[in-house]
Amino acid sequence: MEIRTVSIAKALLCSALVVLSFMPAMALAEDPSVSSWLMRLHEASRHRTYTGTFVVSAGTQMASAKIWHVCDGDQQMERIESLSGTPRSTFRKNSEVLTLYPTAKVGIAETRDSFGLFPGLLKSQSTALDEFYQLKPQTTDRVAGIDADVVQIAPKDGMRYGYRVWSEKKSGLVVQLQTLDVDGKTLEQSAFSELQLDAPVSAAKLSQLMGQTEGYRVERRTTEKTTAAAQGWTMSSVVPGFKSAGCYTRPVALLAGASGKAESTMQWMFSDGLATVSLFVERFDPTRHTQAGGADLGGATRTQTRKAGAWWITGVGEVPAATLASFVQALERKK
């Protein structure tokens, strides 16, 4: 089973609170609603044009990428060029995403929902954010030569992480972000090392580059929308604030035998509007699934696994260990 963990690459692509247009500080004071404020930010960020170099650090890991972003009418175009690790170029045209690996000459094409895509902040249209988070204006600072306002999004319970955000005073673009654990300790940090607003980025040029796949073996990652109930799964209890954000299956192999039926992996996604958790379910394989338990993947991302009868459950999320364990333990086979 492939699990799209929140690695450095994922953090560069769809980390919460990465590159967003923030409303002025006065707007925050006039309308303290977290959900409506963040929705305005989500919409505003879609219409910024910029280029920049973005650096992410999580634990002992560090990675950087060059970003080009442009909005042409209703069309969002983006290119992210990795500057560290495995060479790769990721292109996005609205919900269509293509990642090219030049060394292996392989391309991965897939469709992703607009929420949660870089540079989005919101992971879903949740109206319950005010119940679980609060906004705390802090001070002013200077990042990469840019004057910025600092705002903290603080959780009201211990079930989720908090964030500290540096937003450029004039444009509102976020120039630095920290993900904070329940004790206020920094788990991950992201920042622009250089940034050019209103840069001359051409949507047509990015679209042309996205189409240059000659010599690549392009693989289409297919998923099918479903429901957990249809797949025979349910939650015995709910985790406060988190709601289902979609359920999908993807084929992984052919079962042995005459039936030739396709085996599949289920991914059930949950979100409170900012934090996300994915539960993956697949057939138990004793050759691969050797030890259940939790693991820290670095930064804010954790995994939790357990065996449930003939099934193997894996939880992945940017949430505290206890929260992730609650999800994994609550998932059960319908009787």
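Colleague: Which strands does α5 lie across, and at what angle does α5 run to β3?

Modeller: This is a predicted model. In this model α5 lies across β2, β3, β4 and β5. The helix runs at about 60° to β3.

Colleague: Which residues of α5 are buried?

Modeller: Start with the general idea. An α-helix has 3.6 residues a turn, so residues three or four places apart point the same way. Now the case here. Helix α5 covers residues 203–210, and its buried residues are Ala203, Leu206, Leu209 and Met210. They cover an arc of only 125° around the axis, which puts them on the same side of α5.

Colleague: What do the buried residues of α5 pack against?

Modeller: They pack against β2 (61–72), β3 (75–82), β4 (89–93) and β5 (96–101).

Colleague: What happens at the start of α5?

Modeller: Look at serine 202. One of its side-chain oxygens comes to within 3.4 Å of the backbone nitrogen of alanine 204.

Colleague: Now the sheet. How many strands form it, and in what order?

Modeller: It is an open sheet of 12 strands. Read across it as β7-β8-β9-β10-β11-β1-β2-β3-β4-β5-β6-β12. The pairing is mixed.

Colleague: Which are the edge strands?

Modeller: An edge strand pairs on one side only. Here the edges are β7 (133–143) and β12 (217–220). Between neighbouring strands of this sheet, the turn is 15° on average, direction ignored.

Colleague: Take one pair, β9 and β10. How many bridges join them, and do they run parallel or antiparallel?

Modeller: Strand β9 (residues 162–168) is joined to β10 by 6 bridges, and the two run antiparallel. To find your place, pick tyrosine 163: it stands opposite threonine 179 in β10.

Colleague: Where is glutamine 176, and why does it count as buried?

Modeller: Glutamine 176 is in strand β10, residues 174–180. Buried means under 20% relative accessible area. Glutamine 176 has 13% relative accessibility, so it counts as buried.

Colleague: Which residues is glutamine 176 in contact with, leaving aside neighbours within four places in sequence?

Modeller: Its contacts are Val143, Arg164, Val165, Trp166, Gln189, Ser190 and Ala191.

Colleague: Step back to the protein. How many helices and strands are there, and what share of residues is buried?

Modeller: The protein has 6 helices and 21 strands. Of its 335 residues, 52% are buried. The accessible surface comes to about 15300 Å², with 51% belonging to carbon and sulfur atoms.

Colleague: What share of contacts links residues 24 or more positions apart?

Modeller: Counting contacts with a separation of 6 or more, such pairs account for 54%.

Key:
Residues are numbered from 1 along each chain as its sequence is written. This is a predicted model: local features need pLDDT of at least 70, side-chain atom pairs count only at pLDDT 80 or more; totals for chains, interfaces and linings use all residues. Side-chain values use heavy atoms; hydrogens and water are left out. Helices (H or I, at least four residues) and strands (E, at least two) are DSSP runs, numbered from the N terminus. Buried means under 20% relative accessible area, exposed over 50%, partly exposed in between (1.4 Å probe, protein chains only). Contact means heavy atoms within 4.5 Å. The arc is that of the directions from the helix axis to the C-beta atoms. A polar contact is a pair of N or O atoms within 3.5 Å; within protein, one must be able to donate a hydrogen and the other to accept it, and residues adjacent in sequence count only if both atoms are side-chain atoms. Two strands pair if DSSP finds at least two bridges between them. Axes are lines fitted to C-alpha atoms, for helices over the stretch in contact, and angles run from 0 to 180 degrees between N-to-C directions. Accessible areas come from the Shrake-Rupley method with a 1.4 Å probe; for residues, only the protein chains shown count as cover.
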